[in-house]
Amino acid sequence: GGGGGGGTWKAKIEHDEKARLYLEDDNVLNALNSFLSDPKLFHILSVLCDASPSSPSSSSSPPPPPPSSSTLNPLSPSSSSWSHSLSLSTSSTSSSSLSALQQSPASSFPAFLSFNIDDYKDDDAAAANMEIFSLVRSRDWGATSLGPISAWPQSLRTCVDVILHSRLPMVLIWGEDLNMLYNAPCIPIFGSHHPLDYGCKFSEIWAELWPDFKGMFASIMFEGTSVSYQNQPLWLSRNGYLEETYFTFSYSPVRDENGKIAGIIEPLTENTASVLSMRRLTMCRNLSSGLAHATTIDNVCKEATKSFGSNPNDIQFALIYMRDSANSNQLYLSSSQTVPHLICSM
């Protein structure tokens, strides 16, 4: 319904089942909220959605005004603003129009911040990438040591372009303050630090790592050394508690137009799940192997606690209580710290 020109293809969001399903995704809502809060982008989107495919310039009615922040925050599918201020179509025509909007010369954003939704076949990946691009565009970079985007050197623009368009997790650390920028695959890695800490200093985001990392960063920034780590254990506070994590990553210096080291680029992979699974599986395998040859209560307890003691990260302390089959009045105690011994006799 609605819209200027004959044969319009736009559809109200609340009348489109697929669009309603998309709006149940918090990442999509956050991305749309950031995207639509820009009056220029909203105006262009309104024109594109109101235009008829057969005669794009046939719309005679003016586009609706940009929604106020109170209307879009929080952004909700049940909000009445969706019924009269904006309509989106999930057809291929609408998708290509959205792509055209994001790459439109009318946009005030530089080319390295362009985003083509058609490059992403997975809806979750598309939503996450749109969220990151919107975040970079809307961030008040003038309040950071990096300065406004218009003043960024070409070297910084190129590095940001590389990491944002990468399908693998990548982080860029830039400037004397070591401000951190990252791409969409890094969102789970940063946990509760996303999105509020985007672009902040490394020392502020990962305060728990800073004492151990500041010397290494100084070596990279001043001497140009590169480092790499395989399954490096890191204790991170990213979900409200100190968490045991494992990462494979490398730090490589990046030089600016004058040949001076200006930043660090970091490809990384989190291996926490695989490392923990392998460690626990190894303990279970050793326990099974040891118990296969145990023929007495003492040997069973000894082998079990030996296996538990080999994995203090998961089992810091263990006790085994066993009643003597020959004398029900005796109780044996075994722990990962001691050998089995009689603790009481009645």
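## Exercises on strands, spaces and backbone turns

β3 (227-237) and β4 (242-255) pair in the antiparallel sense over 9 bridges. The model is predicted: local features need pLDDT of at least 70, side-chain atom pairs count only at pLDDT 80 or more, and totals for chains, interfaces and linings use all residues. Residues are numbered from 1 along each chain as its sequence is written, and side-chain values use heavy atoms, with hydrogens and water left out.

### Exercise 1

Task: trace the pairing of β3 with β4, then of β4 with β5.

Solution.
- Fix the terms. Strands (E, at least two residues) and helices (H or I, at least four) are DSSP runs, numbered from the N terminus. Two strands pair if DSSP finds at least two bridges between them.
- Find partners across β3 and β4. V227 stands opposite Y251 in β4. W235 stands opposite E244 in β4.
- Check the turn. β3 and β4 form a hairpin with 4 residues between them. G240 in that turn has a positive phi of about 90°.
- Move on to β5 (261-270). β4 and β5 run antiparallel and are joined by 7 bridges. F247 has E270 in β5 as its bridge partner.
- Check the second turn. The hairpin of β4 and β5 has 5 residues between the strands. There, G259 takes a positive phi near 85°.

### Exercise 2

Task: find the salt-bridge partner of R238 and place both residues.

Solution.
- Apply the cut-off. A salt bridge is a side-chain nitrogen of Lys or Arg within 4 Å of a carboxyl oxygen of Asp or Glu.
- Search the whole structure. The search finds 5 salt bridges.
- Pick out R238. Its partner is E270, with the closest N and O atoms 2.6 Å apart.
- Place the pair. R238 is in the loop between β3 and β4, and E270 is in strand β5. They are 32 residues apart, so the pair links distant parts of the chain.

### Exercise 3

Task: describe the largest cavity and the second largest pocket by volume and lining.

Solution.
- Start with the principle. Rolling a probe the size of a water molecule over the atoms shows where empty space is left.
- Define the spaces. On a 1 Å grid over the protein atoms alone, a cavity is a set of points where a 1.4 Å probe fits but cannot get out. A pocket is an open set with protein on both sides within 12 Å along at least five of seven lines. Lining residues have an atom within 4 Å of a point. Points are joined across faces, edges and corners, and a volume is the space filled by probe spheres set on them.
- Take the cavity. The whole structure has 1 cavity of 30 Å³ or more. The largest cavity holds about 160 Å³. It is lined by 15 residues, with W206, L209, L234, E266 and L268 closest to its centre. β4 gives the most to this lining, with 3 residues.
- Sort its lining by class: 14 nonpolar, no polar and 1 charged. Nonpolar means Ala, Val, Leu, Ile, Met, Phe, Trp, Tyr, Cys and Pro; charged means Asp, Glu, Lys and Arg; the others, Gly among them, are polar.
- Take the pocket. The second largest pocket holds about 440 Å³. Of its 20 lining residues, G175, E176, D177, M221 and A262 lie nearest its centre. α11 (210-223) and β5 give two or more residues each. The largest share, 6 residues, comes from α11.
- Sort again: 11 nonpolar, 3 polar and 6 charged.

### Exercise 4

Task: locate a cis peptide bond and a positive phi outside glycine.

Solution.
- Recall the background. Most residues other than glycine have a negative phi, and most peptide bonds are trans.
- Read omega. A cis peptide bond joins H194 and P195, with omega about 0°. P195 is in the loop between α9 and α10.
- Read phi. L178 is not a glycine, yet its phi is positive, about 55°. L178 lies in the loop between β1 and β2.
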